[in-house]
Amino acid sequence: MTDAGTRALVARARETYALRREALAEELAGRGIASHGASGMNLWVPVRDESAVVNGLRSYGWWVAAGARFRLSAGPGVRISTAGLEPADAVRLASDFAAVLGESEATYGG
């Protein structure tokens, strides 16, 4: 970890993950959807029904994780890995997420 090349590679990865995470967070926020994630390659999005959101997003071609296995005391949510999400694709994911939330609320009340 002291090698200059390795440090540069890690710094570049950190910047890339931040850019991808922040792009999705901004797109979600623009649609009124709260998310949390200050570092790393994941965003946490609180939802009422994890299964409805996970399955709904799957129907749009997105794979996200139900939050139950990642949380200790937080309420329900989904975990989205943004590691491979290009910033341009954040617009479509956020739009699809908003659609799924609307479908979930209409079907399950939230």
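This report describes the sheet, the helices, the nonpolar core and the salt bridges of a predicted model.

**Sheet**

The model holds an open sheet of 3 strands, ordered β1-β3-β2, with antiparallel pairing. The edge positions belong to β1 and β2 (65–66); each has a single partner strand, so one side of each has no neighbour in the sheet. Between β1 and β3, which run antiparallel, there are 5 bridges. P46 stands opposite G77 of β3, and W44 has R79 in β3 as its bridge partner. On the other side, β2 and β3 are joined in the antiparallel sense by 2 bridges, and A66 is paired with V78 of β3.

The loop between β2 and β3 contains G75. With a relative accessibility of 38%, G75 counts as partly exposed. Its C-alpha atom is 22 Å from that of L93, and the two residues are 18 residues apart along the chain.

**Helices on the sheet**

Helix α2 lies across β2 and β3 and runs at about 35° to β3. At its N-terminal end, α2 is capped by D49, which places a side-chain oxygen 3.1 Å from the backbone nitrogen of S51. The buried residues of this helix are E50, A52, V53, V54, G56 and L57.

S59 also belongs to α2. Is S59 buried or exposed? Its relative accessibility is 59%, and because exposed means over 50%, S59 counts as exposed. A polar atom of the S59 side chain lies 2.6 Å from the backbone oxygen of G56. S59 and D96 are 37 residues apart along the chain, with their C-alpha atoms separated by 9.7 Å. After α2 comes G61, which has a positive phi, near 95°.

**Nonpolar core**

The largest nonpolar core has 21 residues, and L24, V78 and F97 are those with the most contacts inside it. At least two residues of this core come from each of α1 (4–29), β1 (42–46), α2 (50–59), β3 (77–81) and α3 (87–108). The most is given by α3, with 6 residues. In soluble globular proteins, nonpolar side chains tend to be buried together.

V78 illustrates how these elements meet. Leaving out residues up to four places away in sequence, V78 touches L43, W44, V45, V47, E50, V53, V54, V64, A65, G67 and F97.

**Buried charged residues and salt bridges**

R21 is a residue of helix α1. At 4% relative accessibility, R21 counts as buried. Its contacts, apart from neighbours within four places in sequence, are G37, A38, S39, G40, N42, L43 and T82.

E50 lies in helix α2 and is also buried, with a relative accessibility of 10%. Not counting residues up to four places away in sequence, E50 touches A66, G67, A68, R71, P76, G77 and V78.

The model has 5 salt bridges. Side chains of opposite charge can pair when their charged atoms come close. The table lists three of the pairs, including those made by R21 and E50.

| Pair | N to O distance |
|---|---|
| R21 and E22 | 3.9 Å |
| R71 and E50 | 3.0 Å |
| R92 and D96 | 3.7 Å |

Which parts of the chain does the pair of R71 and E50 tie together? R71 is in the loop between β2 and β3 while E50 is in helix α2, so the pair ties together parts that are 21 residues apart in sequence. R71 is partly exposed, at 27% relative accessible area, whereas E50 is buried, at 10%.

R92 and D96 both belong to helix α3, where they are 4 residues apart, about one turn of the helix. R92 counts as partly exposed at 44% relative accessibility, whereas D96, at 9%, counts as buried. In the pair of R21 and E22, R21 is buried at 4% and E22 is partly exposed, with a relative accessible area of 42%.

Note on methods:
Residues are numbered from 1 along each chain as its sequence is written. This is a predicted model: local features need pLDDT of at least 70, side-chain atom pairs count only at pLDDT 80 or more; totals for chains, interfaces and linings use all residues. Side-chain values use heavy atoms; hydrogens and water are left out. A nonpolar core is a set of buried Ala, Val, Leu, Ile, Met, Phe, Trp, Tyr and Cys residues joined through side-chain atoms within 4.5 Å. Buried means under 20% relative accessible area, exposed over 50%, partly exposed in between (1.4 Å probe, protein chains only). Contact means heavy atoms within 4.5 Å. A polar contact is a pair of N or O atoms within 3.5 Å; within protein, one must be able to donate a hydrogen and the other to accept it, and residues adjacent in sequence count only if both atoms are side-chain atoms. Two strands pair if DSSP finds at least two bridges between them. Axes are lines fitted to C-alpha atoms, for helices over the stretch in contact, and angles run from 0 to 180 degrees between N-to-C directions. A salt bridge is a side-chain nitrogen of Lys or Arg within 4 Å of a carboxyl oxygen of Asp or Glu.
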